[in-house]
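These are my notebook entries on a single structure, set down in the order in which I looked things up.

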Amino acid sequence: GVIVPEFPHYYFSSILTGIEEAAAARGYRIMVALSGEQYEREASICETFHRHKVCGVIVSQAKDTKNYEHYQQLIDAGIPLVFYDRICTGVNASRVVVDDYMGAYNAVTHLIETGCRHIAYYGSPMQLEISKNRFNGYKDALLKHKLTVDDSIIVICDNRTDAEAITPRLMALDNPPDGFFAVNDDTAIGILYTVKHVGYRVPEDISLCGFSNGQRAVACDPMLTTVEQRGHRVGEEAAKILMDKVEGLSPMDKVEKRVVRTRLIIRGTTR
């Protein structure tokens, strides 16, 4: 069984494709369920998968999950569990993640090297491990280049609607940002739309970088500089770990931790 937090979403759909192809190649079929970013729904899905005797579960946890008992019950029942993207640090299970820290660090370094000195950060809630890693990459890139970490331009915002509502307030500051790093492409596109709407030029006045490299990154004007997550590879790796455990090729109690490298795709929203 595969649990996806939100859909349609380019990154998660590319992960699903990777899982499906790897599973089909070895004779497995997958069941997909959407948590809708809700803890209760996620716990119910785990119970349903257990009841239907799935041979293993691949999961990216919901944003508001803070209780991990439903995961532990699967493990205790001998059902192998593999996390992808949003991992759970509360249980000792295998995981596949992208290198969020280095992805953010390299992106913010690029913004700095192309002239930005006051870079805003738009991120997800900090209880998620990926949020902490991306924020730390952002912060360390600033500190490495002796730039100030300014709390007034660090906001919890991870979707286009909120980005369009929040960005005018930041641009009205006495010292507005000259660059933005966003936790995903949708948020970056919301920022792009807003700064252009209030009269700034991109990238001459404002530089922008997202995180995903989905199809929307090339459907905006200018096209978006972003961090490519390589979701297909994440899905493949997660499926292989799970199938190896099911088939006894890897011990059930061996915790696999795999990191898929990101790469920065430079386009028109940076100088």
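The entries below take the sheet, the helices, selected residues and the backbone geometry in turn.

**Entry 1. The model**

I note at the outset that this is a predicted model.

**Entry 2. The sheet**

I began with the strand order. I found an open sheet of six strands, running β2-β1-β3-β4-β5-β11, with parallel pairing. I then looked up the edges: β2 (32-34) and β11 (257-260) each have a single partner strand, so one side of each has no neighbour in the sheet. From one strand to the next I read an average twist of 20 degrees.

For one pair I went into detail. β4, which covers residues 81-84, pairs with β5, which covers residues 94-98, through three bridges in the parallel sense. Within this pair I located Val82 opposite Ser94 of β5.

**Entry 3. Helices on the sheet**

Which strands does helix α2 touch? I recorded that α2 (residues 39-51) packs on the sheet and touches β1 (2-4), β2 and β3 (57-59). The direction of α2 makes about 170 degrees with that of β1.

I made a similar entry for α8 (residues 231-246), which packs on the sheet and touches β3, β4, β5 and β11. Its direction makes about 170 degrees with that of β5.

**Entry 4. The pair α1 and α8**

Two packed helices are described by the angle between their axes and the distance between the axes. For α1 (residues 10-25) and α8 I noted an angle of about 40 degrees and axes 7 Å apart. The two helices are therefore oblique to each other. I entered the crossing of α1 and α8 as right-handed.

I then listed the residues at this contact. On the α1 side they include Tyr11, Ser14, Ile15 and Gly18. On the α8 side they include Gly231, His232, Ala239 and Met243.

**Entry 5. The pair α6 and α7**

I next looked up α6 (residues 160-171) and α7, which pack at an angle of about 45 degrees with their axes 8 Å apart. This pair is therefore also classed as oblique, and its crossing is right-handed. From α6, Arg160, Ala163, Glu164, Thr167, Pro168 and Met171 take part. Their counterparts in α7 include Asp186, Thr187, Ile191 and Tyr193.

**Entry 6. Thr187**

I chose one residue of that contact for a separate entry. Thr187 belongs to α7, which spans residues 185-197. Is Thr187 buried or exposed? Its relative accessibility is 0%, so I entered Thr187 as buried.

Setting aside residues up to four places away in sequence, I found that Thr187 touches Tyr122, Cys157, Asp158, Asn159, Arg160, Ala163 and Ala182. With one of these, Asp158, I noted a short polar distance: a polar atom of the Thr187 side chain lies 3.2 Å from the backbone oxygen of Asp158.

**Entry 7. Arg263**

I placed Arg263 in strand β12 (residues 263-265). Beyond its neighbours within four places in sequence, Arg263 is in contact with Thr226, Val227 and Glu228. The side chains of Arg263 and Glu228 are joined by a polar contact of 2.5 Å. I also looked up the separation of Arg263 from Ala93, which is 170 residues in sequence and 26 Å in space between C-alpha atoms.

**Entry 8. Backbone geometry**

Most residues other than glycine have a negative phi, and most peptide bonds are trans. I therefore searched for exceptions to both tendencies.

Where do I find cis peptide bonds? One joins Val202 and Pro203, with omega of about 10 degrees; Pro203 sits in the loop between α7 and β9 (207-212). Another runs from Asp221 to Pro222, with omega near 0 degrees; Pro222 sits in the loop between β9 and β10 (225-228).

For positive phi I entered two residues. Lys146 has phi near 60 degrees and is not a glycine. I located Lys146 in the loop between α5 (129-144) and β7 (154-156), and its relative accessible area of 76% makes it exposed. Asn213, also not a glycine, has a positive phi of about 65 degrees. Asn213 lies in the loop between β9 and β10 and is buried, at 12% relative accessible area.

Key:
Residues numbered from 1 in each chain as written. Predicted model: local features only at pLDDT ≥ 70, side-chain atom pairs only at ≥ 80, totals over all residues. Heavy atoms only, no water. Helix = DSSP H or I, 4+ residues; strand = E, 2+ residues; numbered from the N terminus. Buried < 20%, exposed > 50% of the residue type's maximum accessible area, 1.4 Å probe, protein only. Polar contact = N/O pair within 3.5 Å; in protein donor to acceptor, adjacent residues only side chain to side chain. Contact = heavy atoms within 4.5 Å. Pairing = 2+ DSSP bridges. Axes fitted to C-alpha atoms, helices over the stretch in contact; angles between N-to-C directions. Parallel < 35°, antiparallel > 145°, perpendicular 65-115°, else oblique. Left-handed = near helix turned anticlockwise from the far one by under 90°.
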